[in-house]
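Welcome! Take a moment to look over the structure below, and then we will walk through a sheet and a pocket together.

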Amino acid sequence: MSDTAPVDPPATVKCLVWDLDNTLWRGTLLEDEDVVLPDAVREVIVGLDARGILQSVCSRNSHDHAWARLRALGVADYFVVPEIGWGRKSDAVRRITEQLDFAPATIAFIDDQPAERAEVAHHLPEVRCYPAEDAVKLLGLPEFSPRSVTVDSRQRRTMYQAGFRRTDEQARHTGSHEDFLRSLEMVMSIGRATDDELTRVEELTLRTSQMNATGVHYPDEALRALLAHPGHEVLVTTLEDRFGPHGAVGVVLLEKHARAWHLRLLATSCRVVAFGVGTILLNWLADQAARAGVHLLADFRATGRNRMMEIAYRFAGLDDRPCDCRGSVSGGPGGPGGSGGSGEDVQLLHLVAGRRDAPTTVRLIAPDLTDPAPAGAGLPDRARRPGPVG
């Protein structure tokens with residue numbers, strides 16, 4: 001038996017902040033216009049981006065001068081919220097952290113100067129600091145190697161850049177919030193999850209807390225069991241607008257019975273609360289249940305963080321009223337192969353479903369749940385989904 005405790009793997013870095021002179025490129029820009037980006041460093045930049053790790057810049061340079069050189073080198077687009085100026089680097093790293101809304105422990109900083117690394121480490125002790133010579137080793141380090149790389153991970157930078165443009169547009173918008181949402185030209189797609197999408201679904205059940213109706217995490221094996229189980233729907237929701245993709249923003253786990261449909265889990269990303277994704281999903285489910293002539297039942301468990309989801313359920317008309325249809329539902333939020341159990345803290349809310357109007361701020365693309373899909377048959381691609389419903 002070992003007399004040492006097992007070492008937990010380091011937390012994954014979510015953003016790497018690069019110094020420029022003699023770190024990202026060879027040379028000092030103020031002394032030499034033709035600083036060189038080594039091929040090995042370029043490979044690291046591209047590799048981290050492909051893994052969904054964001055990258056930024058913190059450098060003592062003229063912003064316009066340095067940014068023009070990054071563009072000339074063909075890598076400027078890889079960096080978000082750059083901080084190029086003459087102040088303390090710890091302040092710049094802190095601003096990057098705040099703009100991304102990341103915990104300092106998920107930030108890494110790389111610089112060739114020991115004094116700069118020490119200054120950042122002193123003021124931001126949770127930020128991990130690396131010497132410039134370690135740059136070519138980063139792709140092999142566990143903290144830069146996420147457990148899985150999903151479709152959303154690979155486009156994370158694009159989603160953040162679109163988000164910044166969207167926020168700037170909203171700040172300039174002078175009309176109502178609903179008018180702004182219409183101006184985004186949003187398209188919301190709901191589809192039966194494919195085998196390849198299960199990792200995205202698992203990730204959503206794990207990282208959503210404020211907009212998770214039960215707080216239950218469904219691991220990959222549980223989701224695969226549901227996907228193959230007759231009468232179950234595993235649905236993933238994506239959102240995009242004229243600025244770019246939001247990625248996967250919602251998951252629905254639904255069990256269909258003859259008299260009632262049982263919504264075992266609804267979880268949506270907190271990033272899209274202001275766009276009304278949860279309400280749109282609930283209204284769509286209620287409309288689909290009405291088309292099928294069944295009631296809608298939904299698990300809800302208060303977690304201390306999901307009050308907004310409870311409000312959304314109640315506002316959609318779900319309540320505690322007794323109904324004979326409740327007897328057709330058994331088991332808890334785990335379902336076949338799921339995690340968690342019913343427990344006294346899980347409420348089974350009820351709705352006599354009626355037809356709902358189509359959303360006015362988004363174009364909705366979704367399947368017809370009244371037409372049963374074969375077990376395990378996720379849609380092969382989003383282009384084959386039915387057109388707008390309402």
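In which sense do strand E1 and strand E2 pair, and over how many bridges? This is a predicted model, and in it E1 (residues 15–18) and E2 (residues 54–60) pair in the parallel sense, over four bridges. To find one spot along this pairing, look for Leu16, whose bridge partner in E2 is Gln55.

Now step back to see the sheet around this pair. Five strands make up an open sheet with parallel pairing, and their order is E3-E2-E1-E4-E5. Strand E3 (83–85) and strand E5 (128–131) are the edge strands, each pairing on one side only. On average, neighbouring strands of this sheet are turned by 20 degrees against each other, direction ignored.

A helix joins the picture here: H3 (residues 89–100) packs on the sheet, where H3 touches E1, E2, E3 and strand E4 (107–111). The direction of H3 makes about 155 degrees with that of E2.

Next, turn to the largest pocket. Its volume is about 1500 Å³, and 37 residues line it. Lys14, Arg156, Tyr160, Arg207 and Arg271 are the lining residues that lie nearest its centre. The elements giving two or more residues to this lining are H3, helix H5 (151–154), helix H6 (156–172), helix H8 (198–207) and strand E8 (244–256). H6 provides the largest share, eight residues.

Here is the lining of the largest pocket by class:

| Class | Lining of the largest pocket |
|---|---|
| Nonpolar | 13 residues |
| Polar | 13 residues |
| Charged | eleven residues |

Helix H3 is a handy landmark to end on: H3 packs on the sheet and also gives residues to the pocket lining.

How values were computed: Residues are numbered from 1 along each chain as its sequence is written. This is a predicted model: local features need pLDDT of at least 70, side-chain atom pairs count only at pLDDT 80 or more; totals for chains, interfaces and linings use all residues. Side-chain values use heavy atoms; hydrogens and water are left out. Two strands pair if DSSP finds at least two bridges between them. Axes are lines fitted to C-alpha atoms, for helices over the stretch in contact, and angles run from 0 to 180 degrees between N-to-C directions. Contact means heavy atoms within 4.5 Å. On a 1 Å grid over the protein atoms alone, a cavity is a set of points where a 1.4 Å probe fits but cannot get out, and a pocket is an open set with protein on both sides within 12 Å along at least five of seven lines; lining residues have an atom within 4 Å of a point. Grid points are joined across faces, edges and corners, and a volume is the space filled by probe spheres set on the points. Ala, Val, Leu, Ile, Met, Phe, Trp, Tyr, Cys and Pro count as nonpolar, Asp, Glu, Lys and Arg as charged, and the others, Gly among them, as polar.
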